[in-house]
Amino acid sequence: MKNIKNNIAIKLAISFILITLIPFMVLAPVVINNVRKQLIDNTKEIIIEHTATHSSDMEMLLNDLENDVVFLSNLPVIKKIAKNVDDRLSIEILYTELMKAKSTYVQTRYLNNDGQEVVRVNSKNGVIQTVPNQLLQNKADSYYFKEAIKQQEGTVFVSPIDLNMEGSPPQIEFPYKPTIRFGAPVFDETGSINGVVVLNVDASEFLSILRMGDDSNEYLILVDSNGFYLSHPIKEKEWGSPIDLDTGENIKKDLPGIANQILLGEENVVVTDTSIISYAHVSPNENADYGRWTIYSTYQKSKILAPITTILIEISAIWLIVFIIFAFLVFLISKRFTKPIIELSKGAEQFGQGNFKERVVIRSSDELGQLAKSFNVMANQLQQLYTNLENKVRERTQALETQKNRLQVILDNLPVGVFIGRAPDGKAELVNKRGIEILGKGLDPRAGATNYQDVYALTREDGTLYPSKELPLPITLKTGLISIKKDIYVIRPDGTRTALRVASAPILDSNKVMIAAVAVFEDITKEIAIDKAKTEFISLSSHQLRTPLTSIGWYTDMLLSGDAGKLTKAQKDFIQEIYNGNQQMVNLVNTLLNVSQIDLGTFIIEPEPTDLVKIAKSALSELTSQIKQKNLKIVEKIDEQFPIVNADPRLVRIIFQNLLSNAVKYTPDKGIVTLEITQENKNIIITVADTGYGIPKNQQNKIFTKLFRADNVREKEPNGTGLGLYIVKSIVENSGGKIWFTSEENKGTIFYVTLPLKGIMEKKGTRSLD
Ligand code: ADP
């Protein structure tokens, strides 16, 4: 029951999880991707603009400085100094004022046409000083002089940023003092050059433009046209310029794949897997031969995306909490909904276990409430039905019990033993009183389990155990046929011995299926004793009758032979009749004697090498007169080379005599009698066929019983005892052979006999058959 509850509630909760989870799982990656893309795109735009702003700021500043130098070179006071060197004071004042106003300038100079410094004002740590005359130098060899003096009117020379190497040989000042120089020639009214104005700018201050915002410690990176760093957050990387030191620090080394794109490209942005790099070019001077500078900055994508990752984690966490709460709520709600179902299934389970008193209580008026009501109505009806059924079963059981008792009483009073064994194993179901007396109390099913120690042994006449599968009941259980046996004996522990006739028959149900077998046991000890006495009486009396009959035979034979004198024709005829009658009597008495020997089991079998063919032919010749009389055709299918076999010649003769005489006797005139002796496998096969009256179908099963004669021959052939085939069958079966026949009325009969080719067994007894 617990399972159902959990199952439904859990299933609902799982369904909820799936319904909510699947869209989330499908949509989340799409949304996340879009957001990422958007963010990257936005950032790209912002940083491009940011870099562009910085580059234009720088260009503006450069312009400012250029303008300063152009302005100075055009000032009358400067122009005038070309003519009057003594007026340099006004230039010193001018320079000093300029440097006060703009701290960017660290040196301002005026050089004459020969490169000789005429005026130089230095600014160091905010202190502005005019350099005395004796310290002024000739800068004719300096590159900035050479470049500046070449300029046209209105154009300016802007130097690359250098480290302000002074002295001879030039020394790099330390810490580095990056400097840019702006120079412009001074023209007189005639247009010839009088000197050069040179302004040195502190590049480090100028580079502060590259700072990204006030609070930021990050800088944009500035590289020259060869990719050397002019400004870099890592100071060691700076100034690897070929003019000064080749430290090897270069954008081409740090960003190998994309350096050229940054230095030469115009797109302003390069996007790699991990970063976005925005760049912009700065042209300090269109005429400058060292090309242009590039400023750029690198943005790590991971940093850009960091906010969404955080948001994602937050959303996932919130969603997870909400989801767990919802799943729990769904679980609770479904539990509430499943409660009535559980009640119902509990009720149903109780019902299943036969507890029909169980009722379901559900107070809601919804479908489940209705279902519970219907369930209870059904329960009432079922309970009613069940009670009725129980009563009926009880009544019926009682009736059956009574019936069974009555049956038992009836059976117990029967004078025969009855044993009912169930199919297919034959276990005792019912044994009546007499049955228990006969078979032993161990078989009584009323005593509980069968106790085979208390079952008496069933034996053959000679005391050997009767094989159980040859007993009638097992035969019936196996074959479904009736089985009757009279040669079963039961020996009790006290030594008493009872002869039994056991007959068993199948018990079939309405579908003709065998459900049991019944065996009836009859004590035939007395019957057998009487039979034996009768047989012994017949044996004795026929034996006694043989002596007088033999002497009658002899004497009548002698009379007929004329030993007592010549007889008249009438006398001879009469005596011949007496002789024939006596002969018949002798035959009959012999037959009776044979039968009694067979019944008593006392006849002898004495095997010896026997010529079957010879005996068969001799038996046939004895019938010559009848054959002729009836004009019968005899067909012999006999192998002349038939082997000599070990058999009792007397018994073989009886077999041939009976079968052949019957065939002749029961075949009308002009019929055919066929005798065949063959061998097949390990058997001799004797076949006697005729075209005679045949045996009616309904009497064929009785043909081998004692004294039986079929209806169809009794009138036609009044001579007959009905004992011949009984004797033949006994001989054949005692010799290890078989006998059977096929017959059709008015068409003929074929008798078959088999005998073992290896010979027959000897049997001890008191007398041989004649
Ligand atoms: P009997 O011939 O003396 O009557 P048997 O025991 O030899 O006794 O035969 C029993 C019966 O079997 C016969 O009475 C006859 O009805 C039937 N029978 C035996 N052999 C044949 C046969 N060849 N043809 C027809 N019926 C036969």
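**The ligand site and a nonpolar patch**

Of the 20 residues around the ligand, those that come nearest are N662, Y666, D690, R709 and L725. The structure is a predicted model, and the distances below are computed from it.

Three of these residues place polar atoms by the ligand. In the side chain of N662, an N or O atom is 2.8 Å from an oxygen atom of the ligand. The side chain of D690 has an N or O atom 2.9 Å from a nitrogen atom of the ligand. With L725 the partner is a polar backbone atom, which is 2.8 Å from a ligand oxygen atom. The ligand on its own has 530 Å² of accessible area, and the protein covers 98% of this.

The shell around the ligand draws at least two residues from each of α16 (649-665), α18 (724-734) and β24 (748-756). Helix α16 gives the most, with three residues. Sorted by class, the shell has 10 nonpolar residues, seven polar ones and three charged ones.

A second feature is found on the surface. Here I10, I14, L18, I22, M25, V26, L27, V31 and V35 make a nonpolar patch of about 800 Å². One of these residues, V35, lies in helix α1, which runs over residues 2-74. Why does V35 count as partly exposed? Its relative accessible area is 35%, and partly exposed means between the limits of 20% and 50%, so V35 falls into that class. A patch takes in residues with over 30% relative accessible area, and the 35% of V35 meets that cut-off.

Note on methods: Residues are numbered from 1 along each chain as its sequence is written. This is a predicted model: local features need pLDDT of at least 70, side-chain atom pairs count only at pLDDT 80 or more; totals for chains, interfaces and linings use all residues. Side-chain values use heavy atoms; hydrogens and water are left out. A residue is near a molecule or strand if one of its heavy atoms lies within 4 Å of it. A polar contact is a pair of N or O atoms within 3.5 Å; within protein, one must be able to donate a hydrogen and the other to accept it, and residues adjacent in sequence count only if both atoms are side-chain atoms. Accessible areas come from the Shrake-Rupley method with a 1.4 Å probe; for residues, only the protein chains shown count as cover. Helices (H or I, at least four residues) and strands (E, at least two) are DSSP runs, numbered from the N terminus. Ala, Val, Leu, Ile, Met, Phe, Trp, Tyr, Cys and Pro count as nonpolar, Asp, Glu, Lys and Arg as charged, and the others, Gly among them, as polar. Patches are made of residues with over 30% relative accessible area and no salt bridge: like charges are joined within 9 Å, nonpolar side chains (Val, Leu, Ile, Met, Phe, Trp, Tyr) within 5 Å. A salt bridge is a side-chain nitrogen of Lys or Arg within 4 Å of a carboxyl oxygen of Asp or Glu. Buried means under 20% relative accessible area, exposed over 50%, partly exposed in between (1.4 Å probe, protein chains only).
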